[in-house]
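Please open the model in your viewer, set it to a cartoon view, and keep the selection tool at hand for the stops that follow.

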Amino acid sequence: MSDPIRITRTTTRKARPKDADLGFGTVFTDHMFVMDFEEEKGWYDPRVEPYGPLELDPATAFLHYGQGLFEGLKVFRGQDGRLRLFRPQKHVERLNRTAERMCIPPLDPELTLRSWTTLVDVDRDWVPSALGTSLYVRPTIIASEPFLGVRPAKAYTYFVILSPVGAYYPEGMNPVRIKVIDRYVRAVPGGLGEAKTAANYAASLYAAEEAKHEGFTQVLWLDGVHRKYIEEVGTMNIMLKIGDEVITPPLAGTILAGVTRDSALALVRGWGLRVSERPVTIDEVVAAAHGGTLEEVWGTGTAAVISPVGELAYQGERIVVNGGRIGPLTQKLYDTIVAIQYGAAPDTAGWTLEV
Ligand SMILES: *Cc1c(COP(=O)(O)O)cnc(C)c1O
């Protein structure tokens, strides 16, 4: 028997902002999903309740040692009015992979998926409809045991919140300037790089701030050992087209297995292009730029879908990619994925789940 989800509806509905006023991550819907874990009971009491603060003991383990995880996916309202989650099963699988790495008890995959569809259904009026807008779904688990000893906690809280978000590119896609950094690293082999967990984001802030002060949008991370293999761009996966080869670093432990990365690779393979998941050094990228074969560079992630890179700065040198313009493959990937998300193109691979 699958666990029934208890639903308590709010009696005070919030005002919804206009689609045109939406930004990212500032507005939250009327409800949230919550479920608790205790050692004796396992995960219990799955419920939808009015959105509101969590009550946490100041000794809550997560607040001190960061044992937790998160996910991020989106629901889109198509022109046909239907709501579609993009590849939710992939996010469930990744959530449980992160849970294992963080010593968090796994969630039942069926219930996890149902926690998202049930919550989205309760707050379905909150899914914006302007093109480019969406409802961001943020599942999170925190170690909730009040205990200052260092070991995996014996109690956890799983919650899901929803946030209507505006178009990532309100003025159209614009290539960004990226700083390649070799002074800081975000992950090392054997570390947490492949887990979607708070610590990776905490580790990334200092370098990102430094780059922003110098006028860059984000950083390109190099590997933590040799500081020469490219890994990720900001909090996105990175892809390049050098000559007729599409290249992205392999999932070998330090890189987050992006769902958008997987989607982009599947599309590019389907279009018959040569795709390599292999290590790429920054020197190879620089050499390709000098030789005129560095055609396109882009990041992939749920927030932006595809983010074109127009310039890389490395050790004092500026590498301009494709004259600072969006490349044709970058544009085609963006258009294709977005069309599937909004139900404007047939979903032949079964990537969307209607709510
Ligand atoms: C979430 C995330 C990505 C992108 O993953 P998507 O599933 O495509 O959104 C890439 N890198 C890092 C570090 C991430 O946390």
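Begin by selecting L69 together with I141, since these two residues stand opposite each other, with I141 lying in strand β7. The model you are looking at is a predicted one. Widen the selection to the whole of strand β4, residues 68-70, and you will find that three bridges join β4 to β7, the two strands running antiparallel.

Next, select strand β5, residues 73-77, which also pairs with β7 in the antiparallel sense, again over three bridges. Within this pairing, show L73 and then V137, its bridge partner in β7.

Now add strand β8, residues 155-165, which runs antiparallel to β7 and is joined to it by ten bridges. A useful pair to display here is Y136 and S163, which stand opposite each other, S163 belonging to β8.

With these partners on screen, is strand β7 largely enclosed or largely open? Nine of the ten residues of β7, which spans residues 134-143, are buried, so the strand is largely enclosed by the rest of the structure.

Move on to helix α3, residues 109-122, and pick out T118 within it. T118 has a relative accessible area of 17%, and because the cut-off for buried is under 20%, this residue counts as buried. If you set aside residues up to four places away in sequence, T118 touches I5, I7 and V48.

For the last stop, turn to the surface and select L54, L56 and L63, which make a nonpolar patch of about 240 Å². Of these residues, L63 can be traced to helix α1, residues 61-65.

Conventions:
Residues numbered from 1 in each chain as written. Predicted model: local features only at pLDDT ≥ 70, side-chain atom pairs only at ≥ 80, totals over all residues. Heavy atoms only, no water. Helix = DSSP H or I, 4+ residues; strand = E, 2+ residues; numbered from the N terminus. Buried < 20%, exposed > 50% of the residue type's maximum accessible area, 1.4 Å probe, protein only. Contact = heavy atoms within 4.5 Å. Patch = residues over 30% accessible without salt bridge, like charges linked within 9 Å, V, L, I, M, F, W, Y side chains within 5 Å. Areas by Shrake-Rupley, 256 points an atom, 1.4 Å probe, with all protein chains shown as cover. Salt bridge = Lys/Arg side-chain N within 4 Å of Asp/Glu carboxyl O. Pairing = 2+ DSSP bridges.
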